[in-house]
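Reader: I should like to go through this structure by question and answer. Please begin once the sequence and the model are in view.

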Amino acid sequence: MSISLNGSVGRGEFERTLKFSVADGEVLAVTGPNGSGKSTIIHTIAGLVPLRSGHLESDDAIWDVPDSQQWVAPENRTCAVVFQDLRLFPHMNVIANVSYGLRAHGVSKDEAHSRSTAVLARVGMSSFETRRPSELSGGERQRVALARALVVEPRVLLLDEPLSAVDVVSRAALRELLPEVLGSFAGATILVTHDQDDLEAIATRSLGLF
Amino acid sequence: MKSQRVSPALKVVAFIAAIFVALPLLSIFVRVPWSDLGEMLSQKSTREALLISLQTSIIAATISCIFGVPLAWFLARSSTKWLSVLRVICITPMVLPPVVGGIALLTAFGRRGILGQYLYDWFNVSLPFTRTAVVMAQVFVAMPFLVLAVEAAFRQSDRGLEEAARTMGASPSRVFFTIALPAARPAIIAGLALAWARSLGEFGASITFAGSFPGRTQTLPMAVYELVSVDYRLSLVLSLVLVFISVGVLAAMRDRWMAGR
Amino acid sequence: MQTTAPERRQITAVSRPSDKAFQGVVTTGALSAFVVLALIAGFLFLRSTEVLRTFGFDFITRSKWDAGSVEDARAPQFGVAAMLLGSIIVSTMAMIFALPFVMGTSLFLEYYISRRIRFVLVSILDLMAAIPSIIYGLWGYLVLMPYASHWAASINKYFGWIPIFAVERENFDASPFVASLVLCLMILPIASSVTREVYSRAPQDQITAAYALGASRWGAIRAVVLPFGLSGLVGGMLLGLGRALGETIAVLLTLNLVFAVKFQVLASAGGNVASLIASRFGEAGPLELKALMAAGLVLFILTLLVNFGASIIVGRASRSTK
């Protein structure tokens with residue numbers, strides 16, 4: 001199992017108990033109506049929000065066990081996130097955005113550059129390297145965010161509503177791109193969505209929150 | 001409502017209001033002895049005061065920035081329950097009348113001051129009436145302005161970007177230098193300009209803590225004050241220099257950081 | 001295609017040394033700033049309590065300021081009453097003079113001007129705030145004083161029967177009146193920037209409603225913006241008051257210090273704590289120095305109260321808009 005969570009997530013009236021695990025190569029879709037806490041799961045696994053109780057671990061490390069004070073900071077977890085609002089760094093261009101994670105891990109500038117270029121090619125954004133995020137369309141930004149998460153080769157990939165902020169045309173294109181990219185991704189993927197079509201196109205399993 | 005066309009009468013009124021507001025500057029401009037300007041500018045006291053003012057205010061602004069930005073970061077991001085108390089303490093120099101600030105500095109760092117006595121007894125270092133004292137006084141009054149401006153920017157900054165950076169593997173320090181600082185750059189520049197202007201015009205605290213010794217600690221404001229009763233024409237010239245520096249650079253900086261938005 | 005993660009990824013629960021260093025630097029810098037400031041405030045308080053204990057409450061109620069003299073066998077007497085009252089009078093007058101201008105400027109800038117002109121005027125206003133106070137002092141002394149003396153003479157001529165406008169001697173230079181005019185200009189930028197902020201947040205829907213009911217621009221402003229912005233205006237004025245209370249050099253040049261409680265604002269005599277400290281500081285012996293520190297402490301507390309009050313009022317104003 002690449003990642004397994006068994007505990008309660010969220011705060012106050014939004015707290016809920018979950019138990020699931022995802023293996024390498026799987027794409028788990030977490031579905032449910034808006035407000036059912038899907039994003040919170042992503043944030044908890046990423047380490048931006050702590051578990052209320054229980055156990056969160058990846059296959060080679062324990063990430064979060066509140067009761068025994070064990071906690072790994074977000075920057076030390078082997079996961080990468082594509083946020084719902086994408087969060088591309090506005091003051092950097094595309095290639096700098098994508099290489100950010102590699103540079104944070106000490107990869108040299110040249111190697112980070114070449115790895116980023118390769119990943120950008122896989123998502124079809126090769127000629128956009130020097131553009132700023134503000135110059136891109138919704139669909140283009142989504143691809144860059146995806147590239148940025150993939151290039152660090154995480155064990156766990158977390159996608160929060162990847163197709164929600166995208167127009168219909170780009171959505172169709174992305175709906176074809178995602179399974180292709182995820183198919184060659186070695187780790188586990190957790191995909192949050194409220195769209196049934198996305199689910200059927202991309203996921204291998206699903207978990208419903210109702 | 002705001003896009004309603006403004007009648008010419010109102011524009012004239014606005015123009016008059018602007019003139020009124022700029023009145024002190026204009027008056028000084030008018031009264032400056034332009035014919036003797038060159039000779040007065042080249043006088044030793046002028047050059048010395050100008051040099052000291054520039055030197056101390058730039059150093060003070062830089063120090064305020066180096067210490068103020070991390071301080072602002074701390075205030076914006078930390079969550080101790082003492083935070084509001086800490087912030088009030090930090091703002092205190094802004095509230096403190098400058099002379100009182102100067103006296104307070106003297107109490108602490110003077111030769112017989114609580115900290116100063118050790119400096120004197122152990123290291124033979126006497127701070128009052130030195131150029132260092134001028135810088136200290138300026139930092140004391142100017143840093144809060146920078147801290148306030150930058151803290152506000154850090155508070156309003158997009159935490160989401162910082163979170164994203166951390167999920168990418170960036171340590172808190174890397175997040176600070178690569179994400180938070182660039183985002184706060186306009187506010188830092190504005191704060192720097194503010195702190196610098198405040199340092200340049202500082203009078204009350206520096207005259208009590210550092211004194212007004214020509215060539216040693218006498219800044220432009222002090223020189224202007226001393227000359228008012230002695231040679232008011234020279235004091236006008238010095239004021240002109242002072243105004244030019246502070247207003248000129250401030251105006252230039254404002255363009256830059258406003259355009260950056 | 002199982003590729004390994006980048007080499008440097010550490011799966012540990014410990015933060016790297018460079019991060020600890022960063023945290024350390026930030027916290028130390030922050031703490032030392034606090035420590036220094038707290039120490040200074042504390043020492044000021046400590047040094048002045050000696051004087052306060054010696055003279056007791058008289059320090060605040062008596063007006064005589066005399067460093068004493070050994071040869072003349074005069075005991076030192078320190079009383080800030082005249083200076084404190086003078087500070088309050090001058091600053092309050094400045095506030096009164098500034099009020100119509102602050103209101104007018106803020107309304108004008110927010111509601112009567114196009115964006116571009118507003119930017120220019122606001123910039124000028126902000127630049128005003130950054131002009132060193134010595135410039136205002138100099139202007140007050142060299143330029144304004146002759147005119148202000150003239151105006152004061154006229155006021156005295158027609159309204160001298162009102163006690164505060166009476167004078168004992170026909171000298172109108174360096175009076176609280178002049179000083180307050182200079183201070184008025186100085187507090188204009190600060191007070192109006194706060195007020196403008198509040199006015200800009202007036203509920204737009206209510207203003208539109210007023211228009212729909214047939215109100216003119218001024219009518220709508222009077223009905224909606226003014227009541228809404230009242231606490232902001234008060235807060236802004238109080239902030240200006242705080243600034244005026246602490247102002248040293250501008251008052252030093254435009255006010256003649258006299259150690260007697262006087263309410264005659266046109267006369268060439270007044271009090272101001274900040275100017276007192278600045279002018280006596282040079283020749284002060286140890287005891288007088290402590291008395292000056294005590295005076296500073298009194299002024300500081302007063303300024304603190306004013307600013308505190310201002311922030312409460314402005315805070316209430318912004319909270320009520322949410």
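Author: The model is a predicted one. A suitable starting point is a helix pair of chain B, α6(B) and α8(B), whose crossing is right-handed.

Reader: Which term describes the orientation of α6(B) relative to α8(B)?

Author: Helix α6 of chain B covers residues 98-109 and helix α8 of chain B covers residues 131-156; their axes come within 10 Å and cross at roughly 125°. An angle of 65 to 115 degrees would count as roughly perpendicular and one over 145 as roughly antiparallel. The crossing angle therefore makes the relation of α6(B) to α8(B) oblique.

Reader: How many charged residues are there in the contact of α6(B) with α8(B)?

Author: From α6(B) the contact takes B:P98, B:G101, B:G102 and B:L105, and from α8(B) it takes B:M136, B:A137, B:F140 and B:V141. Glycine counts as polar in this classification. The contact of α6(B) with α8(B) divides into six nonpolar residues, two polar and, as to charged residues, no charged.

Reader: In chain C, what is the handedness of the crossing of α5(C) and α6(C)?

Author: Helix α5 (residues 133-159) and helix α6 (residues 176-200) of chain C have axes that come within 8 Å and cross at roughly 130°. The two helices are therefore oblique to each other. As α5(C) passes α6(C), the crossing is right-handed.

Reader: Which residues of α6(C) meet α5(C), and how many nonpolar residues has the contact?

Author: On the side of α5(C) the residues are C:S133, C:Y136, C:G137, C:G140, C:L144, C:M145, C:A148 and C:A152. They meet C:F177, C:V178, C:L181, C:V182, C:L185 and C:M186 in α6(C). By class, the contact has no charged residues, three polar and eleven nonpolar.

Reader: Is C:A174 buried or exposed?

Author: C:A174 lies in the loop between α5 and α6 of chain C. Its phi is positive, about 50°, although the residue is not a glycine. Since 23 other C-beta atoms lie within 10 Å, and 20 or more suffice, C:A174 is buried.

Reader: How many C-beta neighbours has A:L86 inside 10 Å?

Author: A:L86 is found in the loop between β7 and α2 of chain A. Phi of A:L86 is near 65°, a positive value in a residue other than glycine. A:L86 counts as buried because its C-beta neighbours inside 10 Å number 20.

Reader: Why is helix α2 of chain A described as largely enclosed by the rest of the structure?

Author: Among the buried residues of α2(A) are A:V94, A:I95, A:Y100 and A:R103. The buried residues pack against β7, α3 and α4 of chain A together with α9 and α10 of chain B. After α2(A) comes A:G106, whose phi is positive, near 90°. The helix, residues 94-104, is largely enclosed because the buried residues are ten of the eleven.

Reader: Which element gives the largest share of the side of chain A that touches chain B?

Author: The contact takes 16 residues from chain A and 14 residues from chain B. On the side of chain A, the elements that give two or more residues are β7 and α2. By class, that side has ten nonpolar, three polar and three charged residues. The largest share, three residues, comes from α2(A).

Note on methods:
Residues are numbered from 1 along each chain as its sequence is written. Chains are lettered from A and ligands numbered from 1 in the order in which they are written. This is a predicted model: local features need pLDDT of at least 70, side-chain atom pairs count only at pLDDT 80 or more; totals for chains, interfaces and linings use all residues. A residue is buried if 20 or more other C-beta atoms lie within 10 Å of its own, exposed if 12 or fewer, and partly exposed in between; C-beta atoms are placed from the backbone. Helices (H or I, at least four residues) and strands (E, at least two) are DSSP runs, numbered from the N terminus. Two residues are in contact if their C-beta atoms, placed from the backbone, lie within 7 Å. Axes are lines fitted to C-alpha atoms, for helices over the stretch in contact, and angles run from 0 to 180 degrees between N-to-C directions. Angles under 35 degrees count as roughly parallel, over 145 as roughly antiparallel, 65 to 115 as roughly perpendicular and the rest as oblique. A crossing is left-handed if the near helix is turned anticlockwise from the far one by less than a right angle, and right-handed if clockwise.
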